[in-house]
Structure formats: C-alpha cells, structure tokens
Amino acid sequence: MISFKTFILAEAGDNPHSFTKDARDPETEDHRHTSTYRFKVGDTNYHASVIHHSDKDAEVVFGVKRDDIFRSPYELTKDKGTKATRVLSTIHHIIKQHVADHPEMESVHFVSDIIDPSRVSLYTKYAKNMGGKTTDDERDRYIKVHTIPADSYRSE
C-alpha cells in the first residue's frame, strides 16, 4: 500500500482539475483581501477562497458555494475517495500558485468541524505531511485549525 503523502501529493497531485482565478480580488466585509479560484468536478462548480487575515497568513475555504451570503458560504461537498483526493490536489495547486504570487505569506490555514471526522482526518494528515500542525481553535472547541508553513509550498 502506498503512503498518504505519495498518494495525495504525488499521484493525485499530478492530476489536479483545471482552475481559474477570478480577475478581480474582492475584499471581505471587514476589508480583508480575498482571492477566489474556480474549478469544476463533473457538473459541480467549486470555489476556493484564500482569505488573507494579514499579509503573512491566509485561510483557505473551498467547496460548493451557496447563494445565501449570511450563512456559511460553502456546503459540505460529500465527495469521498479519489474524487476528494483530486479536489484536495486541486486545492494544493491553487495554494502553491497563490503562495508564489504572495511572497510575503508565512502560513496557510484550513479549518474543519469535528462533526465531520473524515475531513478532520484528511486535513490533519495533509497538514502533517506538509510540515504543518493541527490545533484546537481558541474560540470554538468544535473546530480544528490546520496550519501549514507557506514555505512548504515553495520548496516543492
């Protein structure tokens, strides 16, 4: 059996979905810089947002976008197995490009809710294999924060 890192970053990483970056980078309501990327899996449109909390760190949120801006902007995609792996591979390549475009970045964050243990596990393994770590959120005990050094994307 091949290792997680080999599967995610080598085999699946060699086959990301094509993605595009929105021409205009909107600001969030609290004026944080956000870059939005789009890709398609079958007939499903995915969005990935890289939200800068500062010049040095950003959070990555991805999934199927909802129209209702007052709720969580993404639905759980429920993609499993190789489909989820290829989606994560696409996100990996998006972050790699984004970090290259923002040399001041020091860290990238993902968050997951413990109500979805498979997502927590996937992000935990991904962060660990990228030289990062997983911690509990300081404000919400049901949230895990997965932090990866931006240099991990630069050194590939």
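**Close-up views of a predicted model**

Long-range contacts first: among the contacts in the chain with a separation of 6 or more, 51% are between residues 24 or more positions apart. The model shown here is predicted.

**Figure 1. The whole chain, with its four helices and eight strands.** Starting at the N terminus, the elements follow the order α-β-β-β-β-β-α-β-α-β-β-α. The chain has 156 residues, and 40% of them count as buried. Its accessible surface is about 9,300 Å², with 50% of that belonging to carbon and sulfur atoms.

**Figure 2. Helix α3, residues 117-129, and its buried face.** With 13 residues at 1.5 Å each, α3 should span 18 Å, and its end C-alpha atoms are indeed 18 Å apart, so the two values agree. R119, V120, Y123, Y126 and A127 are the buried residues of the helix. Look down the axis of α3 and these buried residues fall within an arc of 135°, so they line one face of the helix. Over on the face turned away from the buried side sit the exposed residues P117 and K128. After the helix comes G131, with a positive phi near 85°.

**Figure 3. F19 against Y37, one of six aromatic pairs in the structure.** The two rings meet edge-to-face, 6.2 Å from centre to centre and with 75° between their planes. F19 belongs to strand β1 (residues 19-21) and Y37 to strand β2 (residues 34-41), so this pair ties together parts that are 18 residues apart in sequence. What about cover from solvent? Y37 is buried, with a relative accessible area of 0%, whereas F19 counts as partly exposed at 22%.

**Figure 4. F62 and F110, a pair of rings bridging β4 and β6.** The ring centres lie 6.5 Å apart and the planes are at 90°, so this pair is edge-to-face. F62 is in strand β4 (residues 57-65) and F110 in strand β6 (residues 107-113), so the pair ties together parts that are 48 residues apart in sequence. F62 and F110 are both buried. Ring pairs also bring in Y123 and Y126, giving a cluster of F62, F110, Y123 and Y126. Those two tyrosines are among the buried residues of α3, which appeared in Figure 2.

**Figure 5. Salt bridges at D136–K144 and D137–R139.** Side chains of opposite charge can pair when their charged atoms come close. The whole structure holds six salt bridges, and this view takes in two that involve neighbouring aspartates, D136 and D137. In the bridge between K144 and D136, the closest N and O atoms are 2.4 Å apart. K144 is partly exposed, with a relative accessible area of 22%, and D136 is partly exposed as well, at 48%. D137 meets R139 in a salt bridge of 3.7 Å, N to O. The partners there sit in contrasting settings: D137 counts as buried at 16% relative accessibility, while R139 is exposed at 77%.

**Figure 6. A salt bridge within helix α4, from D151 to R154.** The closest N and O atoms of this pair are 2.6 Å apart. D151 and R154 are three residues apart in α4 (residues 151-154), which means they are separated by about one helical turn. D151 is exposed, with a relative accessible area of 52%; the cut-off for exposed is over 50%. R154 is partly exposed, at 33%.

**Figure 7. M105, a buried residue in the loop between α2 and β6.** Where does the loop that holds M105 lie? It runs between α2 (81-101) and β6. At 2% relative accessibility, M105 counts as buried. Which residues is M105 in contact with, leaving aside its neighbours within four places in sequence? They are H52, D55, K56, A58, H98, V99, A150 and R154. R154 will be familiar from Figure 6, where it forms a salt bridge with D151. As for S54, it is 51 residues from M105 in sequence, and the two are 8.7 Å apart in space, C-alpha to C-alpha.

Notes:
Residues are numbered from 1 along each chain as its sequence is written. This is a predicted model: local features need pLDDT of at least 70, side-chain atom pairs count only at pLDDT 80 or more; totals for chains, interfaces and linings use all residues. Side-chain values use heavy atoms; hydrogens and water are left out. Buried means under 20% relative accessible area, exposed over 50%, partly exposed in between (1.4 Å probe, protein chains only). Contact means heavy atoms within 4.5 Å. Accessible areas come from the Shrake-Rupley method with a 1.4 Å probe; for residues, only the protein chains shown count as cover. The expected span of a helix is 1.5 Å times one less than its number of residues. The arc is that of the directions from the helix axis to the C-beta atoms. Rings of Phe, Tyr and Trp (its six-membered ring) pair if their centres lie within 6.5 Å; planes under 30 degrees apart count as stacked, over 60 as edge-to-face and the rest as tilted. A salt bridge is a side-chain nitrogen of Lys or Arg within 4 Å of a carboxyl oxygen of Asp or Glu.
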